[in-house]
Structure formats: structure tokens, C-alpha cells
Amino acid sequence: MRRMIVTNLTRAALGVLLAGLACVGAAAEPSIQIVDAWARATPPGVANGAVYCKILNRGSPDRLVGARSPAAQGAEIHSSASANGLVEMRRIEALPLGAGASVELAPGGTHVMLVGLAAPLTAGAKVELTLVFAGAGEIAVEVPVVDARAPAAAHEHEHHAQ
Ligand SMILES: [Cu+2]
């Protein structure tokens, strides 16, 4: 009987110790960091929006494999390439992130496309976005909406021919 109590106490102590270790682990710096995120403001009636950011990978090689946002029906990873003066976009399944790499999602290049916006993206508002990585898991970011029409004319033209 006495021996059983001791065992239980030991278990409890071990549990506290493990909980402490778990906390230390959670406080460690994440291997993936999202910085300088922004979304382009969209005029009324436009179905899609684009999000840009920098992804810093301080850990081992990883991949961005998906995204989602409550602001849109879907979120896709797109790459862009210029050919004969036209910017063409296509959906990619994954964006590789080498060890120690810094990858920039920028107008005219790779971006996260918000497909089927619930409402126009208004400058000054914020969009919640969750990026899904194969290794690092899910990372949520708050993305400020910025009015920046000029640099992305080609990109928007591709989506919304007028
Ligand atoms: Cu796109």
C-alpha cells in the first residue's frame, strides 16, 4: 500500500517534469517565419486576391504545401512567369524551401491566391491566413491589406480580363 502511494507520487512528479519540458519545447524559436506579409486591396466584384510575404526557413528543408483563409473559399499557391509580355499564373502543389532559405512571394512571382473572396479586400483591413508546411505544420498570419494597384496591373489583368 505504501509502496503504491510512492509510485503514484513519482508518476505525478514525472508528469510535472514532462509538462515543464514540453513548455520549454514550445517556447523554442519556430523553424519557419513569415514576415512582411501583405494582401492587395481588391475593387468590388473581383473574385480573387493575392497575398505576398517572405518565408524564412531556419530549419531543415521544408515545403509550403497549402493555405487557407476565412476570407475566401480557397487559397492556392500560384507561380507566375512572364512570356511574350504576358504574365501567366499556374497553381503549384508545393513550394520548396531549402535549409536556411529565404523565399519571397512577390508581385510577378509566386503568391498565395485567395480564390472566391467572401468580400472585397479593403485597404487597412486584415486577412487571416494559415500557411501549411509539410514539416513545420500550420502557421497562422494576420495579413494587412494594402492599396497597391500599379505594380500588379499585369497580374490582375490575368485574373480579370476586362
Ligand atoms: Cu494567382
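**Exercise 1.** Which residues does Val51 touch, not counting residues up to four places away in sequence?

*Solution.* In this predicted model, the count begins by setting aside the residues up to four places away from Val51 in sequence, and what remains is Ala37, Ala39, His111, Val112, Leu114, Leu129 and Val143. The next step is to place these contacts in their elements: β1 covers 32-40, β2 covers 48-57, β8 covers 111-117, β9 covers 126-133 and β10 covers 137-146, and each of these strands supplies at least two residues of the largest nonpolar core.

**Exercise 2.** Describe the largest nonpolar core, and state which strand gives the most to this core.

*Solution.* The largest nonpolar core has 25 residues, and those with the most contacts inside it are Ala39, Val51, Val112, Val127 and Leu129. At least two residues of this core come from each of β1, β2, β3 (62-68), β4 (72-83), β8, β9 and β10. The strand that gives the most is β2, with 5 residues. As general background, nonpolar side chains tend to be buried together in soluble globular proteins.

**Exercise 3.** Determine how β1 is joined to β2 and to β10, and which residues are the bridge partners of Ala39.

*Solution.* Taking β2 to begin with, 6 bridges join β1 to this strand, and the two run antiparallel; within that pairing, the bridge partner of Ala39 is Val51. Turning to β10, 2 bridges join β1 to this strand, and here the two run parallel; the bridge partner of Ala39 in β10 is Val145, while Arg40 stands opposite Val146. Ala39 thus has a bridge partner in β2 and another in β10.

**Exercise 4.** Work out how β9 and β10 are connected and in which direction they run, parallel or antiparallel.

*Solution.* The connection is a hairpin, which joins β9 to β10 through 3 residues. The pairing itself consists of 8 bridges, and the two strands run antiparallel. One position along this pairing is given by Glu128, which stands opposite Glu142 in β10.

**Exercise 5.** Set these strands in the context of the whole protein by giving the number and order of its elements.

*Solution.* The secondary structure comes to 2 helices and 10 strands, and from the N terminus on the order is α-β-β-β-β-β-β-β-β-β-β-α, with a helix at each end of the series. For burial, 22% of the 162 residues count as buried. For contacts, those between residues at least 6 apart in sequence are taken, and 69% of them join residues at least 24 apart.

Definitions and conventions: Residues numbered from 1 in each chain as written. Predicted model: local features only at pLDDT ≥ 70, side-chain atom pairs only at ≥ 80, totals over all residues. Core = buried A, V, L, I, M, F, W, Y, C linked by C-beta atoms within 7 Å. Buried ≥ 20, exposed ≤ 12 C-beta atoms within 10 Å, placed from the backbone. Helix = DSSP H or I, 4+ residues; strand = E, 2+ residues; numbered from the N terminus. Contact = placed C-beta atoms within 7 Å. Pairing = 2+ DSSP bridges.
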